[in-house]
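Welcome, and thanks for taking a look at this one with me. Here is a short note on its empty spaces.

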Amino acid sequence: MRMGTTMQAYGEPSYWDERYSHESGPFDWYQKYNALAPLLHLYIPLHHQVLVVGCGNSAFSEGMVNDGYREVVNIDISSVVIQAMQRKYSDRPQLKYIRMDVLDMSGFQTGSFDAVVDKGTLDSLLCGNNSRQLAVKMLKEVERVLKNKGVYMLITYGAPIYRLRLLRDSCSWTIKLHVIEKFMLEAKTEHQTWELTNPVPLDDEGSSVEAVLGKNPDVHYIYICIKDDSLRPGVKHE
C-alpha cells in the first residue's frame with residue numbers, strides 16, 4: 001500500500017482492525033509515558049478522571065496507572081485492539097477500555113473528564129479526506145466531554161502554524177505550548193532544545209516559536225488546551 005493511501009486509511013476502522021490483528025506487542029506513537037510524565041504531573045493531578053483517545057495498543061495508560069493515576073479510560077475505533085487490551089488488563093480495574101469513535105463520544109456525558117490525552121489521534125484524522133471537518137468535529141467532542149477548566153493534552157508533530165488556528169477556531173481554549181525532542185523517550189539528551197516543563201512563548205500565529213527554537217526543530221509539540229467556558233459567549237481570542 002502506498003504511503004498516501006495508508007495515511008488516508010487512518011480514519012477507517014478496517015485499517016486499524018487489520019493492523020492490530022498483526023501487531024503482537026505494544027506500540028507508542030511519538031513518545032512513551034516516562035518521557036512525558038513530568039508534563040502530565042504538571043497539568044493533570046493523579047486523582048483526576050482521564051480519557052485517552054485513540055489508545056491503540058500503547059503502554060502509555062499502563063504507565064499512568066503504575067505512576068499513581070487512579071482511573072484511565074481508553075477509547076479506540078478498533079474493536080480488535082479494544083478486545084485485546086481488555087483481555088490484557090483484565091486484572092487492572094484502573095484501566096478501562098471501550099470501543100468508541102472519537103467523532104461521536106455520546107456514550108460519555110458532557111463534562112465527564114478532567115483531562116483528555118491525545119497522542120496522534122488528531123494527526124491521523126488530518127491525514128485523510130475531509131480532514132479539517134473531521135478534526136473540528138473531534139475537537140468539539142473533546143471539548144464537550146471535558147469539565148470546565150479541563151485539560152486537552154495534544155501530542156503532535158504539527159507545528160503551531162499548522163495546529164494553532166485549528167485549535168483556536170474550533171473551541172474555547174486557553175492554550176500553552178511545550179516541546180520535547182523526538183525519540184527522546186526515557187533518556188535525557190545532553191543538550192536539550194527546550195526544557196519540557198517550561199512553556200514556549202506563543203503569539204497569535206505561532207511564529208514566535210521559530211524565533212525561540214529555530215527553523216524546523218526536531219521536536220514533538222505538546223499543546224495544553226484548557227477549556228474555558230468564560231470565552232464562549234462571542235468573546236474573541238486575543
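The points below cover a pocket and a cavity.

1. A word on the basis: this is a predicted model, where local features need pLDDT of at least 70 and side-chain atom pairs count only at pLDDT 80 or more, while totals for chains, interfaces and linings use all residues. Residues are numbered from 1 along each chain as its sequence is written, and side-chain values use heavy atoms, leaving out hydrogens and water.

2. The second largest pocket (an open set of points on a 1 Å grid over the protein atoms alone, with protein on both sides within 12 Å along at least five of seven lines) holds about 290 Å³ of space. Its lining (residues with an atom within 4 Å of a point) has 16 residues, with Ala159, Ile161, Asn216, Pro217 and Tyr221 closest to the centre.

3. Which element gives the largest share of that pocket's lining? Helix H8 does, with three residues. Helix H8 (160-170), helix H9 (208-213) and strand E7 (219-227) each supply at least two. By class, this lining has nine nonpolar, four polar and three charged residues.

4. There is one cavity of 30 Å³ or more, a cavity being a set of points where a 1.4 Å probe fits but cannot get out. About 130 Å³ of space lies in the largest cavity. Among its 16 lining residues, Val52, Gly54, Cys55, Ser58 and Lys119 lie nearest the centre. Strand E1 (50-53), helix H4 (60-66) and strand E4 (113-119) give two or more residues to the lining of the largest cavity.

Notes: Points joined across faces, edges and corners; volume = space filled by probe spheres on them. Helix = DSSP H or I, 4+ residues; strand = E, 2+ residues; numbered from the N terminus. Nonpolar A, V, L, I, M, F, W, Y, C, P; charged D, E, K, R; others polar.
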